[in-house]
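Let's take a walk through this one, from the overall build down to individual side chains. Keep the viewer open as you read.

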Amino acid sequence: MDHVTLGHRVAQAREEAGISQGKLAELVGLDRTAINRAESGDRKLTMTEMVAIAEALGRPLGFFVNDPLPAVVNRRRDLANAPDDTRHDTTQALDAEIELFASDALMLLEMGLITPVKRDQDARTPQDHDEAEHFAAVIRNRLGAADEPILNLGETCDQLGLHIYAAPLGTNGPDGGCVEVTDDVESIAVAVINGDVDSGRRRMTLAHELGHWLCGDAYDAMAVTDCEKMIFSFAIHFLAPRSGVVRVWNDHHEWSNRDRALAVGATYHLSWSAAVSQLRNLGLIDWREHETLLDQEPRKGDYAHLKLTWEKEPKSPYISPSFAAACIEGYTSGRLTAPRTVELLRGTMTRDDLPERPTKTLDDLRRSFAGHGD
Amino acid sequence: MDTSTYIHLCRAGHASIIQNLAPHGVVLIPAEVNTEIENARDRHRGIPAVSTVNWAAHIVMTDDEEWIAMRVKAALGGGRVQHLGESAVIACASHRNLIAVLDDRAAVAQADRLQVASIDTMWIVAEAYKSLFNRDRNPTVALVNDLLTTDMYLPFDDGDSFFAWAWEAGVLP
């Protein structure tokens with residue numbers, strides 16, 4: 001981190017907040033020239049000034065001062081160099097959220113509040129659809145999910161070491177991104193997904209990011225087009241396994257194919273396009289019917305008419321259960337302050353939602369009696 | 001040294017303990033802590049200005065220390081005036097390879113994360129018992145009682161109960 005980078009971040013946040021240099025200067029009690037010089041890296045900003053600037057711009061201080069994790073740097077570099085047809089959709093807002101969430105997760109990891117998981121170091125991106133389906137089945141078996149729907153995908157990702165934040169990135173925003181927090185054998189990854197898009201699309205994105213993490217290419221945006229396809233293939237087989245989809249399809253044989261597709265989508269919490277595509281992948285419908293059904297996107301009432309419903313998760317604001325638990329544990333043990341805990345929880349809780357802190361006991365003093373040389 | 005230890009030991013009338021236990025008889029006070037001490041001086045008696053004592057010295061953070069302090073402050077959270085002192089103490093201790101004196105548990109957790117050695121006011125009490133009071137119970141009990149009169153939050157009602165616990169728990173040095 002240097003003054004130039006810090007200045008750029010201040011300028012970026014100020015412009016995104018729609019505040020002029022003069023207004024920011026007024027809010028923090030500095031001269032406009034000072035803000036101008038600071039943004040160009042020509043003037044040092046003190047801690048006190050930076051805290052005031054962060055507060056005025058409504059951003060966590062960490063957004064400005066944390067060094068980006070190596071994985072985030074790699075992701076950004078790969079995205080910049082990736083061919084258009086292999087590039088994940090991204091925006092500055094998504095990048096900023098990933099960077100901040102990864103930094104926060106690293107802090108909780110370093111504080112021992114999050115437990116790392118051992119990822120299979122030999123896992124690689126599947127080479128074909130059969131491998132992708134097999135890999136999805138292996139992961140499902142590891143979870144004991146057999147061919148049942150994975151209803152709480154956020155919790156499932158948690159179990160596999162992928163911590164999620166569903167951020168408000170806009171209905172037309174990017175789908176999401178994922179980075180490894182450290183490159184240790186035992187580590188965690190974080191994914192930020194767009195919590196403003198449809199539930200089925202959110203789940204597909206999340207399963208896709210999970211595939212990246214489990215395959216060991218969390219930030220590999222340079223992966224060839226086929227790799228991206230294989231990760232998507234993993235994702236759909238992970239969400240909607242062949243035997244389960246076939247069973248639901250056959251259980252509703254008296255229904256029209258459109259209604260049977262609705263049943264598959266509702267059972268496995270898939271978007272319409274994902275459900276129809278998986279039916280085609282599994283040979284339950286042909287290409288022509290796939291195209292026809294795609295054009296017949298159902299409305300909410302179509303599901304309700306068939307008594308089909310599902311919980312919409314993970315919708316913004318959402319964070320992984322174990323990430324939330326780590327924050328609360330940090331707070332109740334006194335290792336995190338209340339404002340920081342609320343900040344880490346990203347709008348999912350207010351100060352009033354935090355549990356009571358246990359009263360300090362004499363045992364809390366034990367550390368004070370250590371290290372006296374006796 | 002952070003604000004809490006400075007103001008409580010001074011208000012309790014035991015500032016000499018800081019001088020007697022500090023390496024070379026001097027503790028370093030970052031400017032951010034000094035601001036908090038000056039604020040406390042406006043509210044309480046018995047707290048000398050840092051510039052008037054020979055056992056404390058002002059320091060200003062270097063550029064490198066300021067970066068560390070900002071990251072610590074980011075980890076501690078809070079508004080414009082909260083945790084600036086702790087952040088500066090941790091940053092200076094980290095960069096200068098010194099021991100941070102901190103009472104706040106969240107600040108201690110950040111010191112631990114950055115592998116900065118830290119002690120707190122009760123550590124100083126235990127060390128005073130061992131090194132200054134020749135393991136005499138009475139001055140230690142008096143010191144703890146005096147600290148309690150400064151509204152320092154401690155999980156016991158008086159020096160005797162503290163001492164009884166420490167004795168039973170076998171933690172006294």
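**A tour of the fold and its charges**

A good place to drop in is A:D363, which is partly exposed, with a relative accessible area of 45%. Keep in mind that this is a predicted model. A:D363 has a charged partner: A:R366 makes a salt bridge with A:D363, and the closest N and O atoms are 3.0 Å apart. A:R366 is partly exposed too, at a relative accessible area of 39%. As background, side chains of opposite charge can pair when their charged atoms come close.

Now zoom out to chain A as a whole. Chain A carries 18 helices and six strands, and its C-alpha atoms fill a box of roughly 70 × 55 × 40 Å along the principal axes. Of the 374 residues in chain A, 54% are buried. If you look at contacts in chain A with a separation of 6 or more, 71% of them come from residues 24 or more positions apart. On the outside, chain A exposes about 16,700 Å², and carbon and sulfur atoms supply 48% of that area.

The strands are worth a stop. Four of the strands in chain A make an open sheet, ordered β3-β5-β2-β6, with mixed pairing. At the edges sit β3 (176-180) and β6 (318-319) of chain A, each of which pairs on one side only. Inside that order, strand β2 (residues 162-167) of chain A runs parallel to strand β5 (residues 189-194) of chain A, and six bridges join the two. To find the register, look for A:A167, which stands opposite A:N194 in β5(A). In general, strands of a sheet pair through backbone hydrogen bonds, either parallel or antiparallel.

Back to charges. Chain A has 40 positive and 60 negative side chains, yet the centres of the two sets lie 3 Å apart. Across all chains, a search of the whole structure turns up 26 salt bridges. Which ones should you click on? Try A:E99 and A:R9, whose side chains meet in a salt bridge at 3.1 Å, N to O. This pair ties together distant parts of the chain: A:E99 is in helix α7 (residues 92-110) of chain A and A:R9 is in helix α1 (residues 3-17) of chain A, 90 residues apart. How covered are the two ends? A:E99 has a relative accessible area of 10%, so it is buried, and A:R9 also counts as buried, because its relative accessibility is 10%. The cut-off behind both calls is that buried means under 20% relative accessible area.

Helix α7 of chain A takes part in a second link of this kind. A:R346 forms a salt bridge with A:D104, with the closest N and O atoms 2.8 Å apart. Here the link again joins distant parts of the chain, with A:R346 in the segment after α18 (338-344) of chain A and A:D104 in helix α7 of chain A, 242 residues apart. Both A:R346 and A:D104 are buried.

While you're at helix α1 of chain A, pick out A:A17, which lies in that helix. A:A17 counts as partly exposed, because its relative accessibility is 38%. From A:A17 to A:I236 you cover 219 residues in sequence and 38 Å in space, C-alpha to C-alpha.

Hop over to chain B for a contrasting kind of charge. B:E32 belongs to helix α3 (residues 31-43) of chain B. Despite being buried, B:E32 has no salt bridge, and the nearest side chain of opposite charge, A:K44, is 8.5 Å away. What does B:E32 touch instead? Leaving aside residues up to four places away in sequence, B:E32 touches A:M47, B:M61, B:L84, B:G85 and B:A88.

Finish at helix α7 (residues 121-132) of chain B, which is mostly covered, with 10 of its 12 residues buried. Among the buried ones are B:W123, B:I124, B:V125 and B:Y129. The buried residues of α7(B) pack against α1 (3-11), α2 (15-21), β3 (100-101), β4 (118-119), α8 (137-148) and α9 (159-169) of chain B. After α7(B) comes B:N134, whose phi is positive, near 50°.

Technical notes: Residues numbered from 1 in each chain as written. Chains lettered and ligands numbered in written order. Predicted model: local features only at pLDDT ≥ 70, side-chain atom pairs only at ≥ 80, totals over all residues. Heavy atoms only, no water. Buried < 20%, exposed > 50% of the residue type's maximum accessible area, 1.4 Å probe, protein only. Contact = heavy atoms within 4.5 Å. Areas by Shrake-Rupley, 256 points an atom, 1.4 Å probe, with all protein chains shown as cover. Lys, Arg positive; Asp, Glu negative; His and termini not counted. Charge placed at Lys NZ, Arg CZ, Asp CG, Glu CD. Salt bridge = Lys/Arg side-chain N within 4 Å of Asp/Glu carboxyl O. Pairing = 2+ DSSP bridges.
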